[in-house]
Amino acid sequence: MSVKPAALFRISAALAVAGLGAWLIASAALAQATSSRMQGLQLSNDQPIQIESDKLEIKDPESKAIFTGNVKVVQGTTTLQAGNMTVFYKAGGGSVTSGNADIDRIEVSNKVFLSSGAQQATGESGIVNLTNQTIVLKGKKVVLSEGKNVFVGCQLNVQMDTGEAQLDACGGRVQIQLDPQSRKTN
C-alpha cells in the first residue's frame with residue numbers, strides 16, 4: 001500500500017507543529033511549575049517532509065496510521081524522533097491512503113526527541129491534539145534545552161493557539177539552569 005505525498009505532508013506538518021512543545025522560554029525562578037508564553041515554530045509549506053520508520057500500518061477502518069520502530073520525521077531544521085507514532089484521523093474525515101485525512105491527534109512514545117536548530121526537548125511520550133490545539137510531553141524527566149540553558153520537569157503542556165506553556169515538576173521542583181552568556185545583545 002502506498003501513501004500519497006499529500007497525506008504525508010498533512011501528517012508531517014502536524015508533527016512539525018508538535019515541535020512547538022519543545023521551545024519553552026521560562027522564567028529563572030525555581031518552583032513546582034513554571035509558565036510562560038512560547039515563541040512559535042515557523043512551518044514552511046514549501047520544504048520537503050521526510051518520514052521514516054521500520055514499519056507503517058494504515059488502518060482506515062479504525063481511522064489511524066501506525067508508524068513503528070525508529071520513527072523519524074524531518075522538515076527543514078525540525079526533527080522528531082520516537083520509537084512509535086500513531087496518527088489518529090477523524091472518522092468520515094477522509095483517509096491517509098486517499099491523501100485527505102483530517103488529523104485529530106498524534107501520539108508518540110518510546111523515547112521522544114524533538115529538535116530545531118539549537119533547541120531540543122526529550123521525554124518518554126507525547127500527544128499533539130490538533131482538535132484542542134494542545135501539546136503534552138511527559139516523562140520521568142522532560143528536558144528542554146537551548147545551548148547551555150536547560151529546563152527540567154516531568155510534563156510540558158502547551159496551548160498552541162495562545163502560545164502559553166507550563167512545565168510541571170509532578171511532586172518535585174522544576175529545575176532551570178540559565179547561561180547568562182546566552183542572552184542576545186543588541
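Colleague: Why is Lys59 called partly exposed?
Modeller: The relative accessible area of Lys59 is 24%. Buried means under 20% relative accessible area, exposed means over 50%, and partly exposed is what lies in between, with a 1.4 Å probe and protein chains only. The value of 24% lies between those two limits, and Lys59 is therefore partly exposed.

Colleague: On what kind of model do these values rest?
Modeller: This is a predicted model, in which local features need pLDDT of at least 70 and side-chain atom pairs count only at pLDDT 80 or more, while totals for chains, interfaces and linings use all residues. Residues are numbered from 1 along each chain as its sequence is written, and side-chain values use heavy atoms, with hydrogens and water left out.

Colleague: How do you know that Lys59 and Glu57 form a salt bridge?
Modeller: A salt bridge is a side-chain nitrogen of Lys or Arg within 4 Å of a carboxyl oxygen of Asp or Glu. The closest N and O atoms of Lys59 and Glu57 are 3.6 Å apart, so the pair meets the condition. Glu57, at 29% relative accessibility, is likewise partly exposed. The whole structure holds 5 salt bridges.

Colleague: What makes Lys64 buried?
Modeller: Lys64 has a relative accessible area of 19%, and therefore counts as buried. Lys64 lies in strand β4. Leaving aside residues up to four places away in sequence, Lys64 touches Glu57, Ile58, Lys59, Thr86, Val87, Phe88 and Tyr89, where a contact means heavy atoms within 4.5 Å.

Colleague: With which residue does the side chain of Lys64 meet in a salt bridge?
Modeller: The partner of Lys64 is Glu62, at 3.5 Å from N to O. Glu62 has 47% relative accessibility, so Glu62 is partly exposed.

Colleague: Which residues are linked in a network of salt bridges?
Modeller: Asp104, Arg105 and Glu107 are linked in this way. The N to O distance of Arg105 and Glu107 is 3.0 Å. Arg105 is partly exposed at 25%, and Glu107 is partly exposed at 29%.

Colleague: Why is the link of Cys154 and Cys170 called a disulfide?
Modeller: A disulfide is a pair of cysteine sulfur atoms within 2.5 Å. The sulfur atoms of Cys154 and Cys170 are 1.7 Å apart, so the pair qualifies. The structure holds 1 disulfide. The link of Cys154 and Cys170 is right-handed, with 95° about the S-S bond. Cys154 lies in strand β9 (residues 149–159) and Cys170 in the loop between β10 (164–168) and β11 (175–177), so parts that are 16 residues apart in sequence are tied together. Helices (H or I, at least four residues) and strands (E, at least two) are DSSP runs, numbered from the N terminus.

Colleague: Are Cys154 and Cys170 buried or exposed?
Modeller: Cys154 is buried, because its relative accessibility is 8%. Cys170, at 53%, is exposed.

Colleague: How do you know that β9 is mostly covered?
Modeller: In β9, 8 of the 11 residues are buried.

Colleague: What makes β8 and β9 a pair of strands?
Modeller: Two strands pair if DSSP finds at least two bridges between them. Strand β8 (residues 134–146) is joined to β9 by 10 bridges, so the condition is met, and the two run antiparallel. One of these bridges sets Lys138 opposite Gln155 in β9. β8 and β9 form a hairpin with 2 residues between them, and Gly147 in the turn has a positive phi of about 60°.

Colleague: How many bridges join β9 to β10, and how many join β9 to β11?
Modeller: β9 and β10 are antiparallel and share 5 bridges, with Val158 partnered by Ala165 in β10. These two strands form a hairpin with 4 residues between them, where Gly163 in the turn has a positive phi of about 80°. β9 and β11 are antiparallel with 3 bridges, and Val152 has Gln175 in β11 as its bridge partner.

Colleague: How many helices and strands does the protein have?
Modeller: The protein has 1 helix and 11 strands. Of its 186 residues, 46% are buried.
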